[in-house]
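Work through the exercises below with the sequence and the model open. Each task is followed by a solution in steps.

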Amino acid sequence: MRSKSPFAAIAALLLVLAGCGGDGDSGQPATLPPGHESVQVIEDWVETLSSGDVSGAADYFALPSVAENGTPPITLHTRGDVLDFNRSLPCGARLLRARPDGRLIDATFRLTERPGGDCGSGAGELARTAFLVKDGKIALWRRLPNPREQGGGGGGPIV
């Protein structure tokens with residue numbers, strides 16, 4: 001049997017490579033694939049919290065870890081600290097996108113109601129958080145300005 005033309009193989013390879021480049025010339029970092037380990041940890045954490053399972057959501061955090069939710073950095077030393085932090089988040093969320101930003105993952109969420117929370121007028125709004133995931137655990141959770149806040153607009157709820 002005779003093999004296909006090398007030109008066809010090269011053209012197919014170029015098409016595959018062209019699709020792997022991320023956002024082209026937009027200047028934005030490439031979106032991490034959904035299966036990326038850090039993104040999976042973030043997605044699993046937010047799905048667990050959104051279902052109302054605060055204890056399960058706390059399991060996704062390293063000890064110690066650091067949280068900044070519109071506050072100076074707070075070190076979470078104990079499981080109780082991590083439980084309190086997760087309990088303090090009034091909203092659930094759905095992960096919309098995650099992008100690398102140096103060692104961090106910049107994640108954008110659509111806020112939702114969650115059992116045990118009170119998202120109120122925040123439901124449906126966007127929220128951004130930077131994560132550092134180490135060894136499959138969240139080591140840093142840092143609130144970032146919402147996309148609309150970057151332009152000087154109003155602020156959404158602290159989530």
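**Exercise 1. In which sense do β3 and β4 pair, and over how many bridges?**

Solution. In this predicted model, the pairing of β3 with β4 is antiparallel and extends over nine bridges. One facing pair can be picked out: R99 stands opposite D106 in β4. Next, look at the turn. Two residues lie between the strands of this hairpin, and G102 takes a positive phi near 65 degrees there.

**Exercise 2. Follow β4 to its pairing with β5, then decide how far β4 is enclosed.**

Solution. Between β4 and β5 the sense is antiparallel, with six bridges. Here I105 stands opposite F131 in β5. For the second part, the cut-off for a buried residue is under 20% relative accessible area. Seven of the nine residues of β4 are buried, so β4 is largely enclosed by the rest of the structure.

**Exercise 3. Give the strand order of the sheet and identify the edge strands.**

Solution. The sheet is open and has six strands, ordered β2-β1-β6-β5-β4-β3, with mixed pairing. Its edge strands are β2 (74-76) and β3 (92-101), each of which pairs on one side only. From one strand to the next, the twist averages 25 degrees. A parallel pair is found in β1 (residues 61-68) and β6 (residues 137-144), which are joined over four bridges. Within this pair of strands, F61 stands opposite I138 in β6.

**Exercise 4. Which strands do helices α2 and α4 meet, and at what angles?**

Solution. Take α2 (residues 37-50) to begin with. Helix α2 packs on the sheet and touches β1, β3, β4 (104-112), β5 (126-134) and β6. The direction of α2 makes about 165 degrees with that of β3. Then take α4 (residues 79-88), which lies across β1, β2 and β6. Helix α4 runs at about 40 degrees to β1.

**Exercise 5. Is S38 buried or exposed, and which residues does S38 touch beyond four places away in sequence?**

Solution. Start with the location: S38 belongs to helix α2. The relative accessibility of S38 is 13%, and the cut-off for buried is under 20%. S38 therefore counts as buried. With residues up to four places away in sequence left out, S38 touches I105 and V133. Finally, compare sequence with space for S38 and P100: they are 62 residues apart in sequence, and their C-alpha atoms are 9.9 Å apart. I105, touched by S38, is also the residue that stands opposite F131 in β5.

Notes: Residues are numbered from 1 along each chain as its sequence is written. This is a predicted model: local features need pLDDT of at least 70, side-chain atom pairs count only at pLDDT 80 or more; totals for chains, interfaces and linings use all residues. Side-chain values use heavy atoms; hydrogens and water are left out. Two strands pair if DSSP finds at least two bridges between them. Axes are lines fitted to C-alpha atoms, for helices over the stretch in contact, and angles run from 0 to 180 degrees between N-to-C directions. Contact means heavy atoms within 4.5 Å. Buried means under 20% relative accessible area, exposed over 50%, partly exposed in between (1.4 Å probe, protein chains only).
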